[in-house]
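This report is a first walk through a single protein chain. It begins with one helix and then widens to the rest of the fold.

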Amino acid sequence: MKPPICVICGKRFSPGTGDIIYFKETEEVKEWNKKMEREGRVGHPINAEWFCNEHLEQASKLRDLPIQEAMAKLKLIYSSKEN
Ligand SMILES: [Zn+2]
């Protein structure tokens with residue numbers, strides 16, 4: 001598992017001030033999970049990312065999308081706000 005650093009703003013947060021979001025379990029994700037299980041390894045889930053409290057709500061609205069789509073949308077939302 002990766003350390004809790006928000007994937008949007010890069011802020012490292014303490015427990016309770018952010019959370020991990022699991023996005024849609026696509027075929028790719030299922031395959032990855034099976035592979036890790038087969039090999040007895042534990043890794044950072046490929047459909048999961050950390051979000052600080054500030055970005056958690058927006059991210060959780062997109063959790064039904066595959067992570068690639070959700071991240072593309074989030075990046076659009078937050079890059080347009082910053083510029
Ligand atoms: Zn953040």
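## Helix 1 and its surroundings

Helix 1 lies largely in the open, because the number of buried residues among its 13 is 0. This description rests on a predicted model. Helix 1 covers residues 27–39, and at 1.5 Å a residue it should span 18 Å; its end C-alpha atoms are 18 Å apart, which agrees. Just after helix 1, G40 takes a positive phi of about 65°.

One residue of helix 1 is E31. Is E31 buried or exposed? E31 has 11 other C-beta atoms within 10 Å, so it is exposed; the cut-off for an exposed residue is 12 or fewer. E31 and K73 are 42 residues apart along the chain, and their C-alpha atoms are separated by 24 Å.

## The chain as a whole

The protein chain has 3 helices and 2 strands. Read from the N terminus, these elements follow the order β-α-β-α-α. Along the principal axes, the C-alpha atoms fill a box of roughly 45 × 25 × 20 Å. Of the 83 residues in the protein chain, 18% are buried. Among contacts with a separation of 6 or more, 67% are between residues 24 or more positions apart.

## The nonpolar core

In soluble globular proteins, nonpolar side chains tend to be buried together. Which residues form the largest nonpolar core here? This core has 11 residues: C6, I8, I21, F23, W50, F51, C52, A59, I67, A70 and L74. Strand 2 (48–52) supplies at least two residues of this core, and so does helix 3 (67–82).

W50, one of the core residues, can be followed further. Leaving aside residues up to four places away in sequence, W50 touches K2, P4, I5, C6, V7, G18 and I20. C6 therefore appears both in the core list and among the residues that W50 touches, by the rule that C-beta atoms in contact lie within 7 Å.

## Confidence of the prediction

The average pLDDT of the protein chain is 93, and 95% of the residues score at least 70. Among the elements, helix 2 (residues 53–61) has the highest mean pLDDT and helix 3 the lowest. The values are set out below.

| Part | pLDDT |
|---|---|
| Protein chain | average pLDDT 93 |
| Helix 2 | mean pLDDT 97 |
| Helix 3 | mean pLDDT 89 |

Helix 3, with the lowest mean pLDDT among the elements, is also one of the elements that supply at least two residues of the largest nonpolar core.

Notes. Residues are numbered from 1 along each chain as its sequence is written. This is a predicted model: local features need pLDDT of at least 70, side-chain atom pairs count only at pLDDT 80 or more; totals for chains, interfaces and linings use all residues. A nonpolar core is a set of buried Ala, Val, Leu, Ile, Met, Phe, Trp, Tyr and Cys residues joined through C-beta atoms within 7 Å. A residue is buried if 20 or more other C-beta atoms lie within 10 Å of its own, exposed if 12 or fewer, and partly exposed in between; C-beta atoms are placed from the backbone. Helices (H or I, at least four residues) and strands (E, at least two) are DSSP runs, numbered from the N terminus. Two residues are in contact if their C-beta atoms, placed from the backbone, lie within 7 Å. The expected span of a helix is 1.5 Å times one less than its number of residues. pLDDT is the predictor's confidence in each residue, from 0 to 100.
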